[in-house]
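Welcome! Take a moment to turn the structure around before reading on, and then come back for a short guided tour.

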Amino acid sequence: MKTHTIFLIVIGILVVGILAYWFFGHPKTQVAVSPSPTATMAPTATPNLYDQSVSTGTIQVPYSSADYTLATKLSQITVKAYIPPCDPIFNYCLFYSGTAYAGTNFESAGLRIQNRTDLTTQTTCLNALPTSYTDMMPVIASNSGYMTAVFSPLGDAGAGHYATGAEYRLWSGGSCYEFETRLGQTQFANYPAGSIKEFTADNQATVQAGLEAMINNITLVNGKTVSFPPAKTQ
């Protein structure tokens, strides 16, 4: 009887040992878990606002070909407007050729670029009045290596059409460059009600900002950005 009991105790100890080994000592199979894939955002492309430029060898004027077209002679200006985007005498005319304002009373917008070879001194370059103006005072600024001036505001009107803008001058390296911005519209009230949409004040501000952005990104041959005094709006 005693022997039988001892035998059962030994068997019990062996069973407990086997179970303990199985649960605690037996190496478990490791299941490899792949990490969840991380979503990678493709970098957002920065739009190239100025994919073209006008270069004279002394200055460079950037512009967006999506909105503006370059003309080097009058016949290349395809926009027909009562008040044209640029006066007839220019070396370069960047005229608005986009379609965002089609069907409104917007008429034209442009940046005229001209090397004023007739203004041969710093004084005449910065002080000679724009054509047809007799009493406008320029705002003149001195910068490192160049001088600038701005005449503003400029305006023109006739037969229900009107334009606003500014004239900028740059004296650098013994040369005088002139830049004139212009935004032309027709009187919205002159159209039959509902025939067109209005070219709003916000639209005007957008076009004006685009013209000023080109002015504010003009660079010299050494890569320095030209700083002009701000133009007056009225």
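The report below moves from the whole chain to its strands, then to its pockets, and ends with a single residue.

## The whole chain

Please keep in mind that this is a predicted model. The protein chain contains three helices and 10 strands. If you follow the sequence from its start, these elements come in the pattern α-β-β-β-β-β-α-β-β-β-β-α-β.

How much of the chain counts as buried? Of its 234 residues, the share is 34%. The chain exposes about 14,300 Å², and 59% of that area is supplied by carbon and sulfur atoms. Contacts also reach across the sequence: among those with a separation of 6 or more, 57% link residues 24 or more positions apart.

## How the strands pair

Strands of a sheet pair through backbone hydrogen bonds, in either a parallel or an antiparallel way. Here, one open sheet is made of three strands in the order S1-S2-S10, with antiparallel pairing. Its edge strands are S1 (52–55) and S10 (219–220), each of which pairs on one side only. S1 and S2 (residues 59–63) are joined by four bridges and run antiparallel. To find one of these bridges, look for Val 54, whose partner in S2 is Val 61.

Another good place to look is strand S4 (residues 92–96). Four of its five residues are buried, so strand S4 is largely enclosed by the rest of the structure. Strand S3 (residues 68–71) runs antiparallel to S4, and four bridges join them. Within this pairing, Tyr 68 has Tyr 96 of S4 as its bridge partner. S4 is also joined to S5 by four bridges, again in an antiparallel arrangement. There, Phe 95 is matched with Gly 110 of S5.

## Two pockets

The table sets out the two pockets by volume and by the classes of their lining residues.

| Pocket | Volume | Lining residues by class |
|---|---|---|
| Largest | about 410 Å³ | nine nonpolar, seven polar, eight charged |
| Second largest | about 300 Å³ | 10 nonpolar, three polar, one charged |

Which residues lie nearest the centre of the largest pocket? Of the 24 residues in its lining, they are Asp 87, Thr 131, Glu 167, Glu 180 and Arg 182. The elements giving two or more residues to this lining are strands S5 (106–115), S7 (146–158), S8 (161–172) and S9 (175–186).

The second largest pocket, with its volume of about 300 Å³, is lined by 14 residues, and the closest to its centre are Ser 64, Asp 67, Tyr 68, Thr 206 and Gly 210. You have already met Tyr 68 as the bridge partner of Tyr 96. Helix H3 (residues 201–215) gives the most to this lining, with five residues.

## A closer look at Gln 204

To finish, zoom in on Gln 204, which is found in helix H3. Its relative accessibility is 29%, so Gln 204 counts as partly exposed. Which residues does Gln 204 touch, leaving aside those up to four places away in sequence? They are Thr 164, Leu 183, Gln 185 and Phe 199. For Leu 183, the separation from Gln 204 is 21 residues in sequence and 8.1 Å in space, taken from C-alpha to C-alpha.

Definitions and conventions
Residues numbered from 1 in each chain as written. Predicted model: local features only at pLDDT ≥ 70, side-chain atom pairs only at ≥ 80, totals over all residues. Heavy atoms only, no water. Pairing = 2+ DSSP bridges. Buried < 20%, exposed > 50% of the residue type's maximum accessible area, 1.4 Å probe, protein only. Contact = heavy atoms within 4.5 Å. Areas by Shrake-Rupley, 256 points an atom, 1.4 Å probe, with all protein chains shown as cover. 1 Å grid on protein atoms, 1.4 Å probe; cavity = no way out; pocket = protein on both sides within 12 Å on 5 of 7 lines; lining within 4 Å. Points joined across faces, edges and corners; volume = space filled by probe spheres on them. Nonpolar A, V, L, I, M, F, W, Y, C, P; charged D, E, K, R; others polar.
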